[in-house]
Amino acid sequence: MIPIQYLDAALELTGDVSTGAWANLLWHEKFTTPGRPGAEPTPGTAFAMAHDGDNLYVGVRCSVLQGKTQEQLARENVQIVLDPEQSGERAGIFVCYTDGKTSSVILEDQDGGKEAWPGEIDSANRLQSGQYSMVLKVPLSQLIHREDGLRRIQFNIARVSEHGVPESLLCYPTLEQTQIWLPHNAIGEAVFERPDLLGALDRK
């Protein structure tokens, strides 16, 4: 279970996650290649989650992988799948690129139907020699959740080195399938610290 750490002040939306509050968060590693049961984690990728009562923040940092170049790092993207309903039936998919662009959709699991994400999101990124880092900011009010309230979310986070090449993927948590974008593969579990602060969302 991953904690979504509570911070009593809004996190700075910055691509530099090496300083400030970002540096003091819990960072989680153990990214593996999906579809390879028993595969050992590949070092060089980590993520952290936090909230301030109004927004969810997901930070990811990626180092150049062994045998890869800076140019290849610059072509990577990070894909974040969030299922706040914990149903495996639909999820928000956020793709963050090293040039600062971000795309977001809601994907239905059964028929593959897509719809626009319901609102504005924000992100920041930083590409430097040997490393890329990014932060995604999603208002909690946009997360459709279960009737018993927003307490947990299911998720997965993937690092995409080469589009269309499953062997190049790294993800957290470990997945048996390579279709990282499908809602039923959002099997990681994250729990909000200070859920009492989310009561106003439950009443909406």
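Asp196 is exposed in this predicted model, with a relative accessible area of 52%, and its side chain meets that of Arg194 in a salt bridge with a distance of 2.8 Å from N to O. Arg194, for its part, is partly exposed, at a relative accessible area of 39%. Side chains of opposite charge can pair when their charged atoms come close. The structure holds 6 salt bridges, and the pair formed by Asp196 and Arg194 is one of the three described here.

A second pair brings together the side chains of Arg152 and Glu189, which meet in a salt bridge at 3.9 Å from N to O. Because Arg152 belongs to strand 10 whereas Glu189 belongs to strand 12, which covers residues 188–192, this salt bridge ties together parts of the chain that are 37 residues apart in sequence. Arg152 is partly exposed, with a relative accessible area of 38%, and Glu189 is likewise partly exposed, with a value of 36%.

The third pair also involves strand 10, since Arg159 meets Glu76 in a salt bridge between their side chains, at 2.7 Å from N to O. This contact links distant parts of the chain: Arg159 sits in strand 10, residues 152–160, while Glu76 is found in the loop between helix 2 (70–74) and strand 4, and the two are 83 residues apart. Both partners are withdrawn from the surface by the measure of accessibility used here, for Arg159 counts as buried at 1% relative accessibility, and Glu76 counts as buried at 4%.

From the charged pairs we can turn to the open space in the model. The largest pocket contains about 430 Å³ of space and is lined by 18 residues, with Gln79, Val95, His163, Ile180 and Trp181 lying nearest its centre. Strand 4 (77–83), strand 5 (90–97) and strand 6 (102–108) each contribute at least two residues to the lining of this pocket. When the lining is sorted by class, it comprises 11 nonpolar, 6 polar and 1 charged residues.

Besides this pocket, the structure holds 1 cavity of 30 Å³ or more, and about 90 Å³ of space lies in the largest cavity. Its lining is made by Pro84, Glu85, Arg90, Ala91, Gly92, Ile106, Trp117, Gln142, Leu143 and Ile144. Strand 5 gives the most to this lining, with 3 residues, and strand 5 is also among the strands that supply at least two residues to the lining of the largest pocket. By class, the residues around the largest cavity are 6 nonpolar, 2 polar and 2 charged.

Strand 5 can be followed further through Phe94, which is placed in this strand and counts as buried, with a relative accessibility of 0%. Taking Leu25 as a reference point elsewhere in the chain, the C-alpha atoms of Phe94 and Leu25 are separated by 22 Å, and the two residues are 69 residues apart along the chain. Thr98, by contrast with Phe94 in its placement, is located in the loop between strand 5 and strand 6, and Thr98 is buried as well, with a relative accessible area of 10%. A polar atom of the Thr98 side chain lies 2.4 Å from the backbone oxygen of Ala74.

The cysteines remain to be considered. Why does a search of the whole structure find 0 disulfides? A disulfide needs a pair of cysteine sulfur atoms within 2.5 Å, and the cysteine sulfur closest to that of Cys62 is the one in Cys96, 10 Å away, which is too far for a bond. The sulfur of Cys171 is in a similar position, because its closest cysteine sulfur, in Cys62, is 13 Å away and therefore also too far for a bond. Cys62 is buried, with a relative accessible area of 1%, and Cys171 is buried too, at 0%.

Note on methods
Residues are numbered from 1 along each chain as its sequence is written. This is a predicted model: local features need pLDDT of at least 70, side-chain atom pairs count only at pLDDT 80 or more; totals for chains, interfaces and linings use all residues. Side-chain values use heavy atoms; hydrogens and water are left out. Buried means under 20% relative accessible area, exposed over 50%, partly exposed in between (1.4 Å probe, protein chains only). On a 1 Å grid over the protein atoms alone, a cavity is a set of points where a 1.4 Å probe fits but cannot get out, and a pocket is an open set with protein on both sides within 12 Å along at least five of seven lines; lining residues have an atom within 4 Å of a point. Grid points are joined across faces, edges and corners, and a volume is the space filled by probe spheres set on the points. Helices (H or I, at least four residues) and strands (E, at least two) are DSSP runs, numbered from the N terminus. Ala, Val, Leu, Ile, Met, Phe, Trp, Tyr, Cys and Pro count as nonpolar, Asp, Glu, Lys and Arg as charged, and the others, Gly among them, as polar. A salt bridge is a side-chain nitrogen of Lys or Arg within 4 Å of a carboxyl oxygen of Asp or Glu. A polar contact is a pair of N or O atoms within 3.5 Å; within protein, one must be able to donate a hydrogen and the other to accept it, and residues adjacent in sequence count only if both atoms are side-chain atoms.
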